[in-house]
Amino acid sequence: MPLEPRLRLAINTMAVSISRILADAQPSIYLYGSVTAEDYRPGWSDVDLLVLTREPITEVQSAELLHLRHTLAARDPDTPHYRLFEGGMLDLGSFLSGDATRVVYWGTTGERIKKAHAFSAFDRISLLQTGQLLLGKDVRRHIEMPEYPEVISAIADHLASIREHGKGARSIYAYGWLLDIARCMYVLVNGRPATKTAAAQWALDEHLCPCPAELAMALTVRRQPELIHDESVLAYAEGLTEAIQSFAALLGKALGMQSD
């Protein structure tokens, strides 16, 4: 799926800007997630970024990086993609060891300096299988592919979050819970990851979802970004709690069978 030109420009500008700030630290700048898996959907998807440096990031560098996406957005207001960048920037040694360090983190709710960067098994698989090196030296040979038990643990953690927070809401994020469950189910059955779009279609084709109408609606909205602000689509999303939790219960049953 070709990326729109303004998104490509934003990615290139972001990579060059980060590289300039971190030049002394020798950064390796990666893109991963939906963009590199050819499942980027406007209105749904973030632009996932990981920056690993040879040297620890200094306080001065972190201060300049912290609000970089807002700086670039203000400089180029006609390009809305800068606010979509999310991810962490830290030194490679601490990333591998899990030791405390200075991490610049960009998230959905804002940016902050952290002492560690949570990088899930799914993120690692995405980085290693479909991630794209934008600038710097490729250091992925130092990063191990997660073992299956670690993937199972990541699914269990995500399931716990879905059970606690997954409910209908007047937002496309309510549909997102259904897509997340489909992707977890795909991994359990097939032993490998898939994009959210592909996993949802697979779950429908294999009749593995107890709420096929609701999942089909989620897939339609994902494939047609112009629907994300449609009032009927948002109203439908408010009533998805039962569907989300019934699909989550099926995932829990499948997960229990894998864990036995």
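Three bridges join strand 3 (residues 85-91) to strand 4, and the two strands run antiparallel; in this predicted model, the bridge partner of Gly88 within strand 4 is Tyr105. Strand 4 also pairs with strand 5 (residues 110-114), again in the antiparallel sense, over five bridges, and Val104 stands opposite Ile113 of strand 5. Strand 4 and strand 5 form a hairpin, with two residues between them.

The pairings of strand 4 are set out below.

| Partner of strand 4 | Sense | Bridges | Residue pair |
|---|---|---|---|
| Strand 3 (residues 85-91) | antiparallel | three | Gly88 with Tyr105 |
| Strand 5 (residues 110-114) | antiparallel | five | Val104 with Ile113 |

Five of the five residues of strand 4 (residues 103-107) are buried, so this strand is largely enclosed by the rest of the structure. In a regular strand the side chains alternate between the two faces of the sheet. Both faces of strand 4 are covered, with Val103, Tyr105 and Gly107 buried on one side and Val104 and Trp106 buried on the other.

Turning to the nonpolar cores, the largest has 47 residues, and those with the most contacts inside it are Ile155, Tyr175, Leu178, Leu215, Phe247 and Leu251. At least two residues of this core are supplied by each of helix 5 (121-130), helix 6 (148-165), helix 7 (172-190), helix 8 (196-205), helix 9 (212-223), helix 10 (231-238) and helix 11 (241-259). Helix 7 gives the most to this core, with 13 residues. In soluble globular proteins, nonpolar side chains tend to be buried together. When residues up to four places away in sequence are not counted, Tyr175 touches Trp44, Met217, Ala218, Val221, Val233, Tyr236, Ala237 and Leu240. A second, separate core of 28 residues includes Ala15, Ile18, Tyr40 and Val47.

Helix 5, which supplies at least two residues of the largest core, has Ala121, Phe122, Arg124, Ile125, Ser126 and Leu127 as its buried residues. The cover over these buried residues includes strand 1 (27-32) and strand 2 (47-53), together with helix 6 and helix 7.

Another helical position is that of Thr71, which is found in helix 3 (residues 68-75). Is Thr71 buried, exposed or partly exposed, and what is its relative accessible area? Thr71 is partly exposed, because its relative accessible area of 37% lies between the limits of under 20% for buried and over 50% for exposed residues. Thr71 and Tyr82 are 11 residues apart in sequence, and their C-alpha atoms are 9.0 Å apart in space.

Conventions: Residues are numbered from 1 along each chain as its sequence is written. This is a predicted model: local features need pLDDT of at least 70, side-chain atom pairs count only at pLDDT 80 or more; totals for chains, interfaces and linings use all residues. Side-chain values use heavy atoms; hydrogens and water are left out. Helices (H or I, at least four residues) and strands (E, at least two) are DSSP runs, numbered from the N terminus. Buried means under 20% relative accessible area, exposed over 50%, partly exposed in between (1.4 Å probe, protein chains only). A nonpolar core is a set of buried Ala, Val, Leu, Ile, Met, Phe, Trp, Tyr and Cys residues joined through side-chain atoms within 4.5 Å. Contact means heavy atoms within 4.5 Å. Two strands pair if DSSP finds at least two bridges between them.
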